[in-house]
Amino acid sequence: SGPGRWLRAHLSKDEGGALCALEDRTRDVRAQQMRTDFVANASHELRTPLASIMGFIDTLSGPARDDPEAQARFLAIMRAQAERMSRLVDDLLSLSRIELDEHVPPSGRLDLHAAAREAAAAFEPMARARGVTIELAAPEPGPVVRADRDQLAQALGNLIENALKYGGGKPVRVRPAPADPLRPRMAGICVEDQGEGVAREHIPRLTERFYRVSVKRSRDQGGTGLGLAIVKHIMTRHRGELQIESAPGRGSRFTLWLPLAD
Ligand code: ADP
């Protein structure tokens, strides 16, 4: 880090050692703080729908007891809130499972384009329900990458789902990334939308757990705020990378970069 490097250049050997210890402590404290924030955020996210469900239980067993029309309406809301809790729990479990074996690189070898075709096909029903077309370009055969099949499917799925949610109803494109000389031993696949896009200052934070540009928009779309954090962790485990390019009003491009198999 900047000041650390400057200081170290001006310190004796002993003082330098002390500085390293201090930096380690700072990192520990920060990691601990992030864990505490995460548990607090997760609890809050679960408590909100839970409070709503409990409120409706009281209403249904009291004031709305003899009002079948209100009962039907409240039950529908309760179901939606329970589904939201269920999505959150699924995403939390996914995250912790991925983190658990983050240091074990995947051993599978997969055709990246075949994975993209399968992911696009899996989201065809959701796209159709929203009147959105998925434009797929994934020529056969594609590059062979080192990846875990389920995790790659999950990463691609999360990106396609976001493009459908935030893409403003315009076509979503899934296509190979052009070769990048800065990433010589990697192959990439892009998911592009022409939706609202994201302002520059938000981009580095999108992969933080529970970070959303608009909490209301995310909620309305059934989001948990964990999708991109999951993608990022999957890419870390794969020694790959999630590249995010976006401009407000122009749309977004999310690219998964994965190491080529030998
Ligand atoms: P969420 O469940 O809220 O969609 P994600 O982790 O998947 O959570 O995404 C975090 C936030 O990033 C979203 O709430 C949204 O603000 C922004 N975002 C993600 N994908 C897109 C996209 N394709 N276009 C615009 N904004 C996006």
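Begin by selecting β4 (172-176) and β5 (186-193), which run antiparallel and are joined by four bridges; strands here are DSSP runs of E with at least two residues, helices are runs of H or I with at least four, both numbered from the N terminus, and two strands pair if DSSP finds at least two bridges between them. Within this pair, P176 stands opposite I189 in β5.

Before going further, note that this is a predicted model, in which local features need pLDDT of at least 70 and side-chain atom pairs count only at pLDDT 80 or more, while totals for chains, interfaces and linings use all residues. Residues are numbered from 1 along each chain as its sequence is written, and side-chain values use heavy atoms, with hydrogens and water left out.

Next, add β2 (134-136), which pairs with β4 in the parallel sense over three bridges, and look for I134, which stands opposite V172 in β4. On selecting β6 (241-247) and β7 (251-259), you will find seven bridges between them in the antiparallel sense, with A247 opposite G251 in β7.

The whole assembly is an open sheet of five strands with mixed pairing, in the order β2-β4-β5-β7-β6. Its edge strands, β2 and β6, each pair on one side only. Neighbouring strands are turned by 15° against each other on average, direction ignored, where axes are lines fitted to C-alpha atoms, for helices over the stretch in contact, and angles run from 0 to 180 degrees between N-to-C directions.

Now show helix α4 (residues 112-122), which lies across β2, β4, β5 and β7 and runs at about 25° to β5; contact means heavy atoms within 4.5 Å.

Move on to the ligand, which is surrounded by 18 residues, the closest being Y166, D193, S218, T224 and L228, where a residue is near if one of its heavy atoms lies within 4 Å. An oxygen atom of the ligand is 2.8 Å from a polar backbone atom of T224, and an oxygen atom of the ligand is likewise 2.8 Å from a polar backbone atom of L228. The protein covers 97% of the 530 Å² of accessible area that the ligand has on its own, by the Shrake-Rupley method with a 1.4 Å probe.

Finally, select F38 and F210, whose ring centres are 6.1 Å apart and whose planes meet at 25°, so the pair is stacked; rings of Phe, Tyr and Trp (its six-membered ring) pair if their centres lie within 6.5 Å, and planes under 30 degrees apart count as stacked, over 60 as edge-to-face and the rest as tilted. F38 is in helix α2 (residues 13-61) and F210 in the loop between β5 and α7 (215-220), so that the pair links parts of the chain 172 residues apart.

Key. Polar contact = N/O pair within 3.5 Å; in protein donor to acceptor, adjacent residues only side chain to side chain.
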